[in-house]
Amino acid sequence: MPALRTYCNPLSLPGSKSRSLADPAVIRHDGAWYLFVSWDQAWVSRDLASWEYHPVEIPVEVVGPALFERDGMFYLSGNGGIGMWRAPHPLGPWVHLGDILDSRGEKAWWADVMFFEDDDRTLYCYHHSGSGIGTDGVFVTPLDPISGFTRATAPTRQCFGHVPSHLWERWGDRNEHADVAWIEASWMTKHAGRYHLQYSGAGTEWNSYAVGLYTADSPTGPFTYDERSPLLKSRAGLLRGPGHHAIVEGPDGGLWCFYHVLMRNDDKLDRRLAMDPVGFDAAGNMHVSGPSASPRLVPMARVHAAAADADAAEPGWLALSIDKDITATSSAPGRDAAYAVDDHARTWWQAADLQLPQSLEVDLAGAFTVHAARIILREPGRTRAPSPATVPRRAEGCVFRIELSHDGTTWTVAHQHLDRTDDRDIHYVEIAPTRARRVRLTITSTPPGLPAAVLDLTVFGRS
């Protein structure tokens with residue numbers, strides 16, 4: 001399979017212990033990127049385009065993972081007071097160094113920890129208190145390297161708390177709760193001597209979840225609120241509730257933001273991953289170019305495109321299929337074909353029964369040059385709670401093909417997915433540029449006992 005030139009959110013990742021993927025942390029090592037998420041799992045990539053799944057062997061459940069590297073060793077922590085772990089490689093083997101102790105010598109129950117090493121090698125841990133009070137905000141504590149970063153070297157200091165006048169921080173899908181918030185998931189980025197402390201609010205279960213920013217001249221503050229906040233927020237359509245992010249330098253030398261977005265189908269914490277580039281303007285203001293809903297160039301393709309033509313940094317492919325006329329070979333009651341192209345994360349088409357093959361056919365209402373397609377499969381009847389203990393990993397995936405046509409009579413196969421061992425639920429495929437008016441997706445095989453079902457079918461291209 002040729003290397004992808006583009007990617008599309010939500011990310012298409014193979015394998016996993018559960019469908020719900022959240023709380024990303026990314027670390028770069030030896031020419032590869034290691035993407036960790038909650039519940040002891042990771043992916044490895046050498047280009048931020050193709051990913052390989054790896055379980056993480058560790059005797060504790062890691063939720064909200066945080067990693068850093070010091071002198072050739074890797075350190076890992078997370079929520080629930082799991083303490084500090086160390087390994088010679090990002091994938092382990094991991095050895096427990098002990099609980100993290102605060103300046104009073106008491107066990108720290110901090111949540112959503114993030115580790116930042118300043119230029120003088122002081123390591124700071126940014127976190128929220130873990131007390132279950134979402135309004136107390138973000139704190140910072142310096143850690144001692146001699147103890148394996150298990151002891152604080154100074155008292156914990158509050159960076160900022162919830163401010164009710166920051167309407168987007170308020171809890172609820174419409175930010176309706178003025179005195180309730182969940183300020184969490186901080187991330188520190190240093191640029192041109194300035195400290196940019198990002199955070200998420202107002203609750204990961206809401207479409208209103210977003211990323212805000214404070215800045216300072218010191219890693220411990222005082223911090224000033226950036227009135228441009230939130231820097232990353234919901235857009236109309238499929239990508240809602242972006243937040244709990246991590247930033248890493250990519251193979252192109254630029255910064256990339258990984259974050260999760262909300263699906264919320266089988267569980268209110270049902271999420272998937274996304275990524276977009278990060279930059280700074282001439283005045284040093286930070287911005288995140290997302291959440292993007294159409295295909296973007298992968299990091300190295302961006303470099304090559306910019307070198308050839310600075311105006312060609314993105315492919316400019318449009319979503320051609322949203323709310324277009326669509327038919328299906330069959331539909332279950334209340335699961336009409338139109339739900340596959342409505343650009344919504346909580347609706348889907350489902351076949352009337354287990355009979356195969358089943359097809360969806362979209363009329364683009366005109367001839368376009370088709371370049372790519374995104375298929376998000378739906379798996380009704382299978383629990384997708386965010387815990388691997390209750391989510392058995394599938395042994396096999398769907399088999400499908402994409403066909404294109406001018407007249408709806410003569411069809412050309414544009415893509416075939418034949419690997420039954422590829423168990424991902426999100427597929428993004430590039431298609432050799434082809435003029436067509438009609439697109440047909442045919443599912444020829446599903447995991448045992450599951451009907452053909454599609455949450456999203458989006459076709460991308462140009463007029």
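Strands β4 and β5 pair in the antiparallel sense, joined over 4 bridges. The structure is a predicted model. Both strands belong to an open sheet of 4 strands, ordered β2-β3-β4-β5 and paired antiparallel. Apart from this sheet, the briefing covers two nonpolar cores, the largest of which holds 36 residues, while a second, separate one holds 29.

**Sheet layout**

- The open sheet follows the order β2-β3-β4-β5; β2 (25-29) and β5 (52-55) stand at its edges, and because each has a single partner strand, one side of each is left without a neighbour in the sheet.
- From one strand to the next, the twist averages 25°.

**Strand pairing**

- Strand β2 is joined to β3 (residues 32-37) by 5 bridges, and the two run antiparallel.
- Within this pair, histidine 29 has alanine 32 of β3 as its bridge partner.
- Strands β3 and β4 are likewise antiparallel, with 5 bridges, and tyrosine 34 has valine 44 of β4 as its bridge partner.
- Between β4 and β5, which pair over 4 bridges, tryptophan 43 stands opposite tyrosine 53 in β5.

**Hairpins**

- The hairpin of β3 and β4 has 3 residues between the strands, and tryptophan 39 in the turn adopts a positive phi of about 70°.
- The hairpin of β4 and β5 has 6 residues between its strands; here leucine 48 takes a positive phi near 60°.

**Burial of strand β4**

- Strand β4 (residues 41-45) is mostly covered, with 5 of its 5 residues buried.
- Gln41, Trp43 and Ser45 point one way from the strand, whereas Ala42 and Val44 point the other way; all are buried.
- Two of these buried residues, Trp43 and Val44, also appear in the pairing described above: valine 44 as the bridge partner of tyrosine 34, and tryptophan 43 opposite tyrosine 53.

**Nonpolar cores**

- In soluble globular proteins, nonpolar side chains tend to be buried together.
- In the largest nonpolar core, of 36 residues, those that touch the most other members are Tyr126, Cys159, Phe160, Met188, Leu197 and Tyr199.
- Strand β18 (residues 210-216) supplies the largest share of this core, namely 5 residues.
- Leaving aside residues up to four places away in sequence, methionine 188 touches Met114, Phe116, Tyr126, Tyr195, His196, Leu197, Gln198, Pro219 and Phe223.
- The second core, of 29 residues, is separate, and Ala337, Ala351, Leu364 and Leu457 are among its members.

Definitions and conventions:
Residues are numbered from 1 along each chain as its sequence is written. This is a predicted model: local features need pLDDT of at least 70, side-chain atom pairs count only at pLDDT 80 or more; totals for chains, interfaces and linings use all residues. Side-chain values use heavy atoms; hydrogens and water are left out. Two strands pair if DSSP finds at least two bridges between them. Axes are lines fitted to C-alpha atoms, for helices over the stretch in contact, and angles run from 0 to 180 degrees between N-to-C directions. Buried means under 20% relative accessible area, exposed over 50%, partly exposed in between (1.4 Å probe, protein chains only). A nonpolar core is a set of buried Ala, Val, Leu, Ile, Met, Phe, Trp, Tyr and Cys residues joined through side-chain atoms within 4.5 Å. Contact means heavy atoms within 4.5 Å.
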